[in-house]
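Work through the following exercises with the sequence and the model side by side, and try each task before reading its solution.

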Amino acid sequence: MTEKEKTRLVEIGQRLSTLGVEFRVAQMGLEKMVDEHGMSSPEAVEASGICSRLALCFAEAEEEFISILTKEAAMG
(Lines give C-alpha, C1' and ligand atoms only; values in the text may rest on other atoms or scores of the structure.)
Protein backbone atom coordinates (compact mmCIF):
# COMPACT_ATOMS: atom_id res chain seq x y z
CA MET A 1 0.00 0.00 0.00
CA THR A 2 1.39 3.38 -0.95
CA GLU A 3 1.78 6.24 1.48
CA LYS A 4 -0.85 8.11 -0.51
CA GLU A 5 -3.32 5.24 -0.04
CA LYS A 6 -2.53 5.00 3.66
CA THR A 7 -3.07 8.73 4.06
CA ARG A 8 -6.30 8.51 2.12
CA LEU A 9 -7.54 5.66 4.34
CA VAL A 10 -6.87 7.75 7.43
CA GLU A 11 -8.66 10.74 5.89
CA ILE A 12 -11.65 8.63 4.91
CA GLY A 13 -11.71 6.97 8.34
CA GLN A 14 -11.83 10.38 9.98
CA ARG A 15 -14.57 11.47 7.58
CA LEU A 16 -16.58 8.33 8.36
CA SER A 17 -16.28 9.03 12.06
CA THR A 18 -17.41 12.63 11.63
CA LEU A 19 -20.27 11.65 9.35
CA GLY A 20 -21.39 9.02 11.84
CA VAL A 21 -21.64 11.62 14.60
CA GLU A 22 -23.35 14.13 12.31
CA PHE A 23 -25.83 11.49 11.20
CA ARG A 24 -26.71 10.57 14.79
CA VAL A 25 -27.24 14.24 15.65
CA ALA A 26 -29.41 14.62 12.54
CA GLN A 27 -31.43 11.55 13.57
CA MET A 28 -32.06 13.08 16.98
CA GLY A 29 -33.14 16.29 15.25
CA LEU A 30 -35.50 14.32 13.03
CA GLU A 31 -37.00 12.54 16.03
CA LYS A 32 -37.52 15.91 17.72
CA MET A 33 -39.16 17.40 14.63
CA VAL A 34 -41.49 14.42 14.28
CA ASP A 35 -42.43 14.61 17.97
CA GLU A 36 -43.02 18.36 17.84
CA HIS A 37 -44.51 18.84 14.38
CA GLY A 38 -45.65 15.47 13.06
CA MET A 39 -44.25 13.02 10.55
CA SER A 40 -45.23 14.87 7.38
CA SER A 41 -44.51 18.41 8.59
CA PRO A 42 -42.14 20.58 6.56
CA GLU A 43 -39.74 20.54 9.51
CA ALA A 44 -39.68 16.75 9.64
CA VAL A 45 -39.34 16.48 5.87
CA GLU A 46 -36.36 18.85 5.94
CA ALA A 47 -34.75 16.94 8.82
CA SER A 48 -35.31 13.69 6.94
CA GLY A 49 -33.59 15.17 3.89
CA ILE A 50 -30.58 16.07 6.00
CA CYS A 51 -30.42 12.49 7.31
CA SER A 52 -30.66 11.14 3.78
CA ARG A 53 -27.85 13.36 2.49
CA LEU A 54 -25.59 12.40 5.38
CA ALA A 55 -26.35 8.70 4.87
CA LEU A 56 -25.44 9.04 1.19
CA CYS A 57 -22.17 10.81 2.03
CA PHE A 58 -21.38 8.07 4.55
CA ALA A 59 -22.11 5.32 2.02
CA GLU A 60 -19.91 6.97 -0.61
CA ALA A 61 -17.00 7.38 1.82
CA GLU A 62 -17.44 3.82 3.04
CA GLU A 63 -17.40 2.56 -0.55
CA GLU A 64 -14.15 4.39 -1.27
CA PHE A 65 -12.60 3.06 1.97
CA ILE A 66 -13.55 -0.52 1.10
CA SER A 67 -12.35 -0.07 -2.47
CA ILE A 68 -8.89 0.91 -1.30
CA LEU A 69 -8.75 -2.02 1.13
CA THR A 70 -10.01 -4.48 -1.48
CA LYS A 71 -7.46 -3.27 -4.01
CA GLU A 72 -4.71 -3.74 -1.45
CA ALA A 73 -5.94 -7.24 -0.54
CA ALA A 74 -6.03 -8.25 -4.20
CA MET A 75 -2.48 -7.01 -4.74
CA GLY A 76 -1.06 -8.35 -1.50
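How many salt bridges does the count come to by the rule that a side-chain nitrogen of Lys or Arg lies within 4 Å of a carboxyl oxygen of Asp or Glu? The count comes to six salt bridges by this rule.

Two remarks on the source come before the other exercises. Residues are numbered from 1 along each chain as its sequence is written. The model is predicted, so that local features need pLDDT of at least 70 and side-chain atom pairs count only at pLDDT 80 or more, while totals for chains, interfaces and linings use all residues, and side-chain values use heavy atoms, with hydrogens and water left out.

**Exercise 1.** Find the partner of Glu 5 in a salt bridge, and describe the setting of both residues.

Solution. Begin with the pair itself: the side chain of Glu 5 meets that of Lys 71 in a salt bridge, at 2.8 Å from N to O. This pair links distant parts of the chain, since Glu 5 belongs to helix α1 and Lys 71 to helix α2, 66 residues apart; helices here are DSSP runs of H or I with at least four residues, numbered from the N terminus. Next, consider accessibility, where buried means under 20% relative accessible area, exposed over 50%, and partly exposed in between (1.4 Å probe, protein chains only). Glu 5 counts as buried because its relative accessibility is 15%, whereas Lys 71, with a relative accessible area of 43%, is partly exposed. Finally, list the contacts, meaning heavy atoms within 4.5 Å: leaving aside residues up to four places away in sequence, Glu 5 touches Ile 68, Lys 71 and Glu 72.

**Exercise 2.** Explain why Arg 8 and Glu 11 are separated by about one helical turn, and describe their salt bridge.

Solution. The side chains of Arg 8 and Glu 11 meet in a salt bridge of 3.2 Å, N to O. The two residues are separated by about one helical turn because they are three residues apart in helix α1. Arg 8 counts as partly exposed at 33% relative accessibility, and Glu 11 is partly exposed too, with a relative accessible area of 38%. To complete the picture, add Glu 64, which is linked with Arg 8 and Glu 11 in a network of salt bridges.

**Exercise 3.** Which residues make up the largest nonpolar core, and which helix gives the most to this core?

Solution. A nonpolar core is a set of buried Ala, Val, Leu, Ile, Met, Phe, Trp, Tyr and Cys residues joined through side-chain atoms within 4.5 Å. The largest one has nine residues in all, namely Leu 9, Ile 12, Leu 16, Leu 19, Ala 26, Cys 51, Leu 54, Ala 61 and Ile 68. Both α1 and α2 supply at least two residues each, and α1 gives the most, with five residues. As for Leu 19, its contacts are Leu 54, Cys 57, Phe 58 and Ala 61, when residues up to four places away in sequence are not counted.

**Exercise 4.** Is Ser 41 buried or exposed, and where does this residue lie?

Solution. Ser 41 is found in the loop between α1 (3-37) and α2 (42-75). Because its relative accessibility is 8%, Ser 41 counts as buried. Its side chain reaches the backbone oxygen of Gly 38 at 3.0 Å.

Definitions and conventions
A polar contact is a pair of N or O atoms within 3.5 Å; within protein, one must be able to donate a hydrogen and the other to accept it, and residues adjacent in sequence count only if both atoms are side-chain atoms.
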